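Trainee: I'm new to this one. Could you walk me through how to read it, one feature at a time?

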Amino acid sequence: MFGNCGRSSWAKATAMGIAGWLVLAGPAWAHSFLVDATPSSKDHVATAPKTVKLRFGAGVEPAYSKLTIETPDGKVLAQGAVGKADSPRDLSLDAPELAPGRYIVRYRVLSTDGHIVEGNYEFTVDGK
Ligand SMILES: [Cu+2]
């Protein structure tokens with residue numbers, strides 16, 4: 001679906017070259033899998049986070065990516081994806097006031113190699 005987005009073949013060749021290098025270097029990332037998050041999966045935090053931060057194994061395109069913070073019953077509390085020009089592997093999303101409870105972070109991102117990567121994880125805000 002994003003195959004005709006106008007990305008140059010040079011960029012594709014570069015992305016494939018990087019992917020090939022990563023395979024040779026060890027970790028077999030086919031594309032931009034989630035490698036780190038704050039709060040992270042299964043985390044229990046005492047203070048509700050102001051921002052959810054995700055880091056991927058390779059570059060992602062903020063304009064074609066979406067993060068959401070949801071309640072366990074599927075109510076979307078926040079959505080969007082803010083990138084940082086100087087760190088193309090990072091995306092963030094500002095969180096609303098989060099009461100103690102469980103929350104789901106869902107992500108659907110466009111990797112710079114043209115693949116879409118999606119998944120979700122859960123964290124918990126503990127009551128005082
Ligand atoms: Cu890929």
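Mentor: Sure, let's start with one residue and its contacts. Two residues are in contact if their C-beta atoms, placed from the backbone, lie within 7 Å. Leaving aside neighbours within four places in sequence, Val109 is in contact with Ser32, Phe56, Val60, Ser65, Leu91 and Val117. Keep in mind that this is a predicted model, where local features need pLDDT of at least 70, side-chain atom pairs count only at pLDDT 80 or more, and totals for chains, interfaces and linings use all residues. Residues are numbered from 1 along each chain as its sequence is written.

Trainee: Which nonpolar core residues have the most contacts inside the largest core?

Mentor: General idea before the case: a nonpolar core is a set of buried Ala, Val, Leu, Ile, Met, Phe, Trp, Tyr and Cys residues joined through C-beta atoms within 7 Å. A residue is buried if 20 or more other C-beta atoms lie within 10 Å of its own, exposed if 12 or fewer, and partly exposed in between, again with C-beta atoms placed from the backbone. Here the largest core has 18 residues, and Leu54, Leu67, Val105 and Val109 have the most contacts inside it. Two or more residues each come from β3 (51-56), β4, β7, β8 and β9 (116-125), with β8 giving the most, 5 residues. Over the chain, buried residues make up 20% of the 128 residues.

Trainee: What are those β labels, and how many helices and strands are there?

Mentor: Helices (H or I, at least four residues) and strands (E, at least two) are DSSP runs, numbered from the N terminus. This chain has 1 helix and 9 strands, and along the sequence the pattern is α-β-β-β-β-β-β-β-β-β.

Trainee: In what order do the strands sit in the sheet of 5 strands?

Mentor: Two strands pair if DSSP finds at least two bridges between them. The open sheet of 5 strands runs β2-β9-β8-β4-β5, with mixed pairing. Its edge strands, β2 (44-45) and β5 (76-80), each pair on one side only. For a detail, take β4 (residues 60-70), which pairs with β5 in the antiparallel sense over 4 bridges; Thr68 has Gln79 in β5 as its bridge partner.

Trainee: And which strands stand at the edges of the sheet of 4 strands?

Mentor: That open sheet has the order β1-β3-β7-β6, with antiparallel pairing. At its edges stand β1 (34-38) and β6 (82-83), each with a single partner strand, so one side of each is left without a neighbour in the sheet. Between β6 and β7 (residues 90-94), which run antiparallel, there are 2 bridges. Gly83 has Leu91 in β7 as its bridge partner.

Trainee: Back to single residues: is Arg102 buried or exposed?

Mentor: Count the C-beta atoms around it. Arg102 counts as exposed because 12 other C-beta atoms lie within 10 Å. Arg102 sits in strand β8 (residues 101-111), and, beyond its neighbours within four places in sequence, is in contact with Pro72, Glu122 and Thr124. Pro72 is 30 residues away in sequence, yet the C-alpha to C-alpha distance is 6.6 Å.

Trainee: What about the backbone: which residues does a cis peptide bond join?

Mentor: Look at omega for that. A cis peptide bond joins Thr38 and Pro39, with omega about -10 degrees. Pro39 lies in the loop between β1 and β2, and so does Lys42. Phi of Lys42 is near 70 degrees, a positive value in a residue other than glycine. Lys42 is exposed, because 9 other C-beta atoms lie within 10 Å.
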